[in-house]
Amino acid sequence: MDSQRTSALQQRLQARREMFMKESSIASNNVATANAQSNKITTPSAAPPQPPSSAVAGVGGAKSARDILSSYGNKENPYGTSNGVASTAKPNLKPEVAPKPRDISPKPEATKKPPRQLDGYVGFANLPNQVHRKSVKKGFEFTLMVVGEQGLGKSTLMNSMFLTDIYSDQFPGPSKRAKKTVQVETSKVLLKESGVNLTLTIVDTPGFGDAIDNSNCWDSVLQYVESRYEEFLEAETQVKRNPNMADSRVHACLYFIQPSGHGLKPLDIEFMRQLHDKVNIIPVIAKADTLVEEEVAYFKSQIMQQIHNAKIKIYEFPELEDAEEVEKKENRRMKDRVPFAVVGSNTVLETNEGKKIRGRRYPWGVVDIENLDHCDFVPLRNMLIRTHLQDLKEMTNLVHYENFRCRKLAGVAEPSQDKVPNKNPLFMIEEE
């Protein structure tokens, strides 16, 4: 009996010893595997960490993916629970090394080297003369639009400005060709002065503002300006382009304001608002000899205030950069006269001193259109023709035409529409 009891006890101890050794070997293997994984140096990655492939949910004795992540997030809590509820906090996966911040500091501008002085004469200083000869040989083109109500002296002012009969009995002015509806008509004349040829195109609008209902009377003018841009764009995008294609785009628009002395009318404001981003608008007070000096000054301030309130962008004459200080001062003084109060006359009068002038004779005296004390005809003619004609053409080509070209090629206008929407991207940005 004692021997049987001893053998049974030994077998029981041997079974417990084997079971203990088996559990200790499994635990040591798990500890070694965990140490090996922790000793590996991982690099930061944008992809989230993947759970170990050996962990399969639902297998008895194995941990699920949620339990493994919970154990990582509960390092301070040895029991891995909070108030009896398992923690579901996500692991804090931060890269070991913070990314280097992007350098946004402005880089210093590269210093421009001064031009080198040559030891002798090479010849490229003669390039302006070459350009001048080719330009004179080719000639120049300029398109001027005049818009205003009937009887404001548009035809007379054009004849006075260019010292020729652009409008005559054979081709009367727009007032004598007034239509029931607004129509756009052009007249082209070739002028020559000191060997320089200028192809002048006058665009007038007979019938503008003369109807009882003037709603949308600016549509025909707007369509004409955009049609000239469209023609130029089509000619420019052809495979075989004509290097000598004519430039029929409108370079300037003289808008004649009635000398009422009470500011702009709604028609004036709406017309300039519709076309100010399509063409260079220059406001002109017609028949300024009907106002006294104080009335002209007050009328000008009213007009400029209304233009500013309506956010209308009229043409601003730029400064003369390469001119002398006296010319710059004179240019600034002329710019202060905008809008120009003008008087036109095709009659040559002789004063008491025997001097011949272009003016108008009244019972109370004579108005000399070239006298700055009487009107702004000379500043308008000088700035429009003598000093800023080329700038008007560049402004048309680089600003107004580029805006139209950008809208057209970007597909802003739908194919079914006949005209491009009246939206200037640059003006919209300024409004916002």
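These legends go with a set of close-up views of a predicted model.

**View 1. The six-stranded sheet, strand by strand.**
Here we look at an open sheet of 6 strands, ordered E4-E5-E3-E6-E7-E8, with mixed pairing. At its edges sit strand E4 (185-193) and strand E8 (340-341), each of which pairs on one side only. Zoom in on strand E6 (residues 252-257) and strand E7 (residues 281-285): these two run parallel and are joined by 5 bridges. To find your way along that pairing, start from Cys253, whose bridge partner in E7 is Ile281. As background, strands of a sheet pair through backbone hydrogen bonds, either parallel or antiparallel.

**View 2. Helix H7 on the sheet.**
Which strands does helix H7 lie across? Helix H7 (residues 293-309) lies across E6, E7 and E8, and runs at about 150 degrees to E7. Keep Lys300 in the frame, since the side chain of Asp376 makes a polar contact with the Lys300 side chain at 2.6 Å.

**View 3. Helix H6, tucked in.**
Helix H6 (residues 266-275) is largely enclosed by the rest of the structure, because 7 of its 10 residues are buried. The buried set is Leu267, Asp268, Ile269, Phe271, Met272, Gln274 and Leu275. What do these residues pack against? Their neighbours are strand E3 (140-147), helix H5 (219-236), E6, E7 and H7.

**View 4. Asp376 and its charged company.**
Asp376 belongs to the loop between strand E11 (365-368) and helix H9 (377-387). Is Asp376 buried or exposed? With a relative accessible area of 3%, Asp376 falls under the 20% cut-off and so counts as buried. Leaving aside residues up to four places away in sequence, Asp376 touches Lys300, Arg337, Pro339, Phe340, Ala341 and Val342. Two of those names come back in the charge picture: Lys300, Arg337 and Asp376 are linked in a network of salt bridges. The polar contact between the side chains of Asp376 and Lys300 comes out at 2.6 Å.

**View 5. Helix H9 and the link back to its loop.**
Helix H9 is largely enclosed by the rest of the structure, since 8 of its 11 residues are buried. Those buried residues are Phe377, Val378, Pro379, Leu380, Arg381, Asn382, Met383 and Leu384. Arg381 deserves a closer look: its side chain meets that of Glu370 in a salt bridge (3.6 Å, N to O). Arg381 lies in helix H9 and Glu370 in the loop between E11 and H9, so the pair ties together parts that are 11 residues apart in sequence. On accessibility, Arg381 is buried at 10%, whereas Glu370 is partly exposed at 40%.

**View 6. Two more salt bridges.**
The count for the model comes to 10 salt bridges, and this view shows a couple of them. In one, the side chains of Arg228 and Glu231 meet at 2.6 Å, N to O. Why are Arg228 and Glu231 separated by about one helical turn? Because they are 3 residues apart in helix H5. Arg228 counts as buried, with 13% relative accessibility, while Glu231 is partly exposed at 41%. In the other, the side chains of Asp277 and Lys278 meet at 3.4 Å, N to O. Asp277 is buried at 4% relative accessibility, and Lys278 is buried too, with a relative accessible area of 1%. In general, side chains of opposite charge can pair when their charged atoms come close.

**View 7. The three-stranded sheet.**
This open sheet of 3 strands has the order E9-E10-E11 and antiparallel pairing. Strand E9 (348-350) and E11 are the edge strands, each pairing on one side only. From one strand to the next, the twist averages 65 degrees. Strand E10 (residues 356-362) and E11 run antiparallel and are joined by 4 bridges. For a handle on the register, look for Arg361, which stands opposite Val366 in E11.

**View 8. Two cysteines.**
How many disulfides does the model have? The count comes to 0. Cys217 is buried at 8% relative accessibility. Cys375 is likewise buried, at 3%.

How values were computed. Residues are numbered from 1 along each chain as its sequence is written. This is a predicted model: local features need pLDDT of at least 70, side-chain atom pairs count only at pLDDT 80 or more; totals for chains, interfaces and linings use all residues. Side-chain values use heavy atoms; hydrogens and water are left out. Buried means under 20% relative accessible area, exposed over 50%, partly exposed in between (1.4 Å probe, protein chains only). A polar contact is a pair of N or O atoms within 3.5 Å; within protein, one must be able to donate a hydrogen and the other to accept it, and residues adjacent in sequence count only if both atoms are side-chain atoms. Contact means heavy atoms within 4.5 Å. Two strands pair if DSSP finds at least two bridges between them. Axes are lines fitted to C-alpha atoms, for helices over the stretch in contact, and angles run from 0 to 180 degrees between N-to-C directions. A disulfide is a pair of cysteine sulfur atoms within 2.5 Å. A salt bridge is a side-chain nitrogen of Lys or Arg within 4 Å of a carboxyl oxygen of Asp or Glu.
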